Amino acid sequence: MYSNDTIAAIATAVGESGIGIIRISGPEAIAITNQVFEPKQDKDLNEVESYTAHYGHIVEEEQVVDEVITLVMKEPKTYTKEDVVEINCHGGTVVLRKILDLILNQGARLAEPGEFTKRAFLNGRIDLAQAEAVADLIQSKTEASMEVALDQLEGGLSDQVNDIRQDLIALLAHLEATIDFPEDEIEDFQSEELGARIDTVQQKIDDLLATSERGKILKEGVEAAIVGRPNVGKSSLLNALVREKRAIVTDIPGTTRDVIEEVINIDGIPVKIIDTAGIRNAENQIEKIGVEKSEEYLTKAELILLVVDISDGITDEDKRLMRDAQNKEVVVIANKLDLEHQLELEKIKEILPEAAIVKTAAIANQGINELEDAIANLVYSGKINAQEETMVSSLRHKKALERAKENVSDVKSTWEQGLPNDFLTIDLRAALEAVNEITGDAVGEDIIDQIFADFCLGK
Ligand code: GDP
Ligand code: ZN
């Protein structure tokens with residue numbers, strides 16, 4: 001168990017800003033604040049109502065340190081279920097550090113990363129999946145990934161997990177009862193109904209697992225590499241996609257010497273686009289670095305945006321790239337649509353029959369929406385159900401569900417073999433344990449520590 005001491009941390013981002021917040025939680029939170037805070041209206045913070053704000057000064061040896069507003073929240077209806085005080089002060093690093101030091105000098109301990117949320121979990125206000133969603137929410141890259149995190153924070157995932165848990169518990173309870181009772185009473189249940197109930201819970205696990213692919217995509221995004229020989233317009237396309245000029249665009253082939261990465265938002269998916277240097281036979285050292293990077297990215301990236309030049313025929317270099325991309329998810333971009341067409345699309349289709357082909361004129365911003373659609377189709381291909389909100393977006397949850405799924409299918413095959421009920425309960429218990437890990441009912445302290453170590457300070 002954790003020690004129920006009083007912790008404090010700067011809760012806002014470090015750096016210059018309008019306001020900064022110091023958060024204090026624990027049994028001494030109010031008493032400690034009383035030591036450093038001088039309210040304008042001479043009030044003892046112990047006496048004030050919960051969820052009230054108090055204007056005044058932070059003072060050190062009768063010297064005013066800052067002008068602040070102190071928010072007092074009394075247990076148990078707080079973030080941590082403990083007494084919580086938030087001091088809203090001016091946002092400079094020096095001021096924040098100074099006030100934090102004063103509070104630490106009064107006996108508070110500097111909070112570890114994620115410790116406030118960890119207390120919310122340990123004190124039973126939220127479960128582990130909800131706690132993890134706090135970090136996801138802070139780190140979410142697009143609105144869609146934020147919504148997934150918010151749903152998880154509000155218990156959407158936990159509800160579905162609990163539903164599965166209830167099914168498993170009910171099955172287990174029944175089976176255990178039958179172990180102790182004469183066989184004739186439970187015969188019906190054993191045959192038909194039991195099999196159906198195992199199928200039901202298996203389906204629920206499958207349904208939840210089915211969301212994990214999209215959940216992962218929304219949370220982590222995908223990597224797409226723009227490849228193509230020099231001068232076909234890769235950098236111009238990237239620029240058109242991010243709609244701000246970052247990559248250096250020039251007429252001299254091979255000037256993108258290293259890779260440039262930009263994250264763009266396509267239908268809620270964070271897509272990291274990597275602009276590689278043109279793939280071509282290396283003549284000098286600098287270019288070689290770029291070429292190697294390009295090929296590395298071509299093999300590594302999940303999506304390939306292969307650019308060809310409409311005003312040219314398909315060259316051997318183009319063909320080589322297309323072959324390299326054959327077992328990948330590819331969008332072929334026929335760029336320079338504004339120039340005279342030389343390109344034969346059939347030749348592309350011969351090598352990449354499945355690939356979507358989009359025509360663009362990067363410099364004129366033409367075809368960019370179609371390109372975005374093609375990327376979105378590739379990412380989502382058959383994987384979405386736009387209605388669903390609750391998604392498994394964490395690898396930890398996915399792995400636990402996969403174990404539960406395996407255990408439940410073991411239960412099913414044991415049942416099919418007609419083995420005694422106590423054989424079934426072993427795997428059922430294992431499934432239950434796996435499911436419990438998601439909400440944190442059965443995880444070791446080491447796993448909990450690891451989860452909260454990924455949090456930022458003050459959360
Ligand atoms: P990269 O080497 O593949 O990254 O190609 P760049 O983006 O640097 O572009 C090479 C040249 O082609 C530049 O002069 C661009 O202005 C030009 N370019 C890029 N896209 C288009 C386009 O759609 N139409 C025309 N006419 N020129 C383009
Ligand atoms: Zn370039």
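Domain bounds, as used here, come from an automatic or database domain assignment. With that settled, here are some exercises on this predicted model.

**Exercise 1. Get your bearings among the domains**

Find the residue ranges of the domains, and say how far apart the C-alpha centres of domain 1 and domain 2 lie.

*Solution.* Start with the ranges: domain 1 covers 7-111, domain 2 is made of 131-211 + 391-453, and domain 3 spans 218-380. Next, take the C-alpha centres of domain 1 and domain 2, which are 42 Å apart. For the wider setting, the protein has 16 helices and 13 strands, and 40% of its 459 residues count as buried. Among contacts with a separation of 6 or more, 67% join residues 24 or more positions apart.

**Exercise 2. Trace the sheet**

Work out the strand order of the open sheet of 7 strands, and identify its edge strands.

*Solution.* Reading across the open sheet gives S3-S4-S5-S6-S2-S1-S7, with mixed pairing. At the edges are strand S3 (37-39) and strand S7 (109-110), each paired on one side only. Helix H2 (residues 93-105) packs on this sheet, where it touches S1, S2, S4, S5, S6 and S7. The direction of H2 makes about 15° with that of S2.

Now zoom in on one pair. Strand S5 (residues 63-73) and strand S6 (residues 84-90) run antiparallel and are joined by 5 bridges. Within this pairing, Leu 71 has Glu 86 in S6 as its bridge partner.

**Exercise 3. Compare two annotated positions**

Which residues does UniProt list for "binding site"? Then decide whether Glu 86 and Arg 125 are buried or partly exposed.

*Solution.* The unreviewed UniProt entry lists Arg 23, Glu 86, Arg 125 and Lys 459 under "binding site"; such annotations may be inferred rather than shown by experiment.

Take Glu 86, a residue of strand S6. The cut-off for a buried residue is 20 or more other C-beta atoms within 10 Å. Glu 86 counts as buried because it has 20 C-beta neighbours inside 10 Å. Beyond four places in sequence, Glu 86 is in contact with Ile 21, Arg 23 and Leu 71. Arg 23 is also on the UniProt list.

Turn to Arg 125, in the loop between helix H3 (115-122) and helix H4 (128-139). With 18 other C-beta atoms within 10 Å, Arg 125 is partly exposed. Setting aside residues up to four places away in sequence, Arg 125 touches Lys 81 and Ala 120.

**Exercise 4. Explore the nonpolar core**

Which residues have the most contacts inside the largest nonpolar core, and which helix gives the most to this core?

*Solution.* The largest nonpolar core holds 115 residues, and Ile 22 and Leu 306 have the most contacts inside it. Helix H15 (residues 421-439) gives the most to this core, with 7 residues. To follow Leu 306 further, leave aside its neighbours within four places in sequence: its contacts include Val 227, Leu 321, Met 322 and Ile 333.

**Exercise 5. A loop residue**

Is Ala 362 buried or exposed, and which residues does Ala 362 touch?

*Solution.* Place Ala 362 in the loop between strand S13 (356-359) and helix H13 (368-380). Ala 362 is buried, because 26 other C-beta atoms lie within 10 Å. Not counting residues up to four places away in sequence, Ala 362 touches Gly 233, Ser 236, Leu 237, Ala 240 and Asn 335. As a last step, check Gln 417, 55 residues away along the chain: the C-alpha atoms of Ala 362 and Gln 417 are separated by 63 Å.

Note on methods: Residues numbered from 1 in each chain as written. Chains lettered and ligands numbered in written order. Predicted model: local features only at pLDDT ≥ 70, side-chain atom pairs only at ≥ 80, totals over all residues. Pairing = 2+ DSSP bridges. Helix = DSSP H or I, 4+ residues; strand = E, 2+ residues; numbered from the N terminus. Contact = placed C-beta atoms within 7 Å. Axes fitted to C-alpha atoms, helices over the stretch in contact; angles between N-to-C directions. Buried ≥ 20, exposed ≤ 12 C-beta atoms within 10 Å, placed from the backbone. Core = buried A, V, L, I, M, F, W, Y, C linked by C-beta atoms within 7 Å.
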